[in-house]
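Please open the model in your viewer and show it as a cartoon. The tour goes from the whole chain to one helix.

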Amino acid sequence: QGVTNRWLRRLIKKTVEYWADRIPDYLPAETRQAHGLMDLGQALREAHFPASQDSLRAARRRLGFDELLVLQLGVVRQKLAWRSEPAQPVPTDWPALEQFLGALPFSLTDAQRRVLDVILKDMAADTAMNRLLQGDVGSGKTVVAAGAALMAARAGYQIDNTAPTEILA
């Protein structure tokens with residue numbers, strides 16, 4: 001009670017005016033210039049009290065850049081932490097793999113074989129693997145995943161293969 005829009009807007013304006021230039025801008029000037037970004041203080045002021053629609057767009061662009069940068073830095077940090085964790089290497093049982101591939105009613109394409117080889121190399125390493133296998137429908141993701149899962153099972157590990165459709169399952 002007693003808090004009006006006008007009172008709140010004045011408080012926000014005073015706060016933004018006081019703090020906008022006191023928050024350090026971690027982006028170097030040359031980086032801001034190279035990407036056409038305004039400085040952080042200006043972006044904070046313009047996001048709350050824009051001088052024009054163009055300045056509001058520029059402020060949103062800068063703040064959006066910051067959000068994506070922080071997100072990406074977090075992903076990189078998590079990846080480095082993940083890669084520093086020791087893992088149990090999973091050896092490739094080449095005879096079992098060749099038997100599996102030979103039993104298929106088709107041959108793997110060069111791309112499928114190349115991706116499977118990269119995954120098997122990662123699995124044989126003593127660092128954790130975190131991989132997304134991506135491709136168009138019908139490009140052979142399931143058979144590549146099945147080959148990798150077979151190697152894990154042959155090494156005595158449990159596997160979980162989730163499929164998006166009954167046909168693939």
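The stops below begin with the overall fold and end at a single helix and its cover.

**Whole chain.** Keep in mind that this is a predicted model. Colour by secondary structure: the chain has seven helices and zero strands, in the order α-α-α-α-α-α-α along the sequence. Next, turn the C-alpha trace along its principal axes, where the chain spans about 75 × 40 × 35 Å. Its radius of gyration is 26 Å, whereas a compact globule of 169 residues would have one near 15 Å.

**Surface and contacts.** Switch on the surface. The chain exposes about 12,700 Å², and 56% of that comes from carbon and sulfur atoms. Buried residues account for 22% of the 169 residues. Of the contacts between residues at least 6 apart in sequence, 63% join residues at least 24 apart.

**Charges.** Colour by charge to find 21 positive and 19 negative charges, whose mean positions lie 10 Å apart.

**Helix α5.** Select residues 94-103, which form α5. Which residues of α5 are buried? They are Ala96, Leu97 and Leu101. These three lie on the same side of α5 because they cover an arc of only 130° around the axis. In an α-helix there are 3.6 residues a turn, so residues three or four places apart point the same way.

Now rotate to the face of α5 turned away from the buried side: Pro95, Gln99, Gly102 and Ala103 are exposed there.

**Cover of α5.** Finally, add residues 110-124 (α6) and 141-154 (α7) to the selection; both helices are among what covers the buried residues of α5.

Terms used: Residues numbered from 1 in each chain as written. Predicted model: local features only at pLDDT ≥ 70, side-chain atom pairs only at ≥ 80, totals over all residues. Heavy atoms only, no water. Helix = DSSP H or I, 4+ residues; strand = E, 2+ residues; numbered from the N terminus. Rg over C-alpha atoms; globule rule 2.2 N^0.38 Å. Buried < 20%, exposed > 50% of the residue type's maximum accessible area, 1.4 Å probe, protein only. Contact = heavy atoms within 4.5 Å. Areas by Shrake-Rupley, 256 points an atom, 1.4 Å probe, with all protein chains shown as cover. Lys, Arg positive; Asp, Glu negative; His and termini not counted. Charge placed at Lys NZ, Arg CZ, Asp CG, Glu CD. Arc of directions from axis to C-beta.
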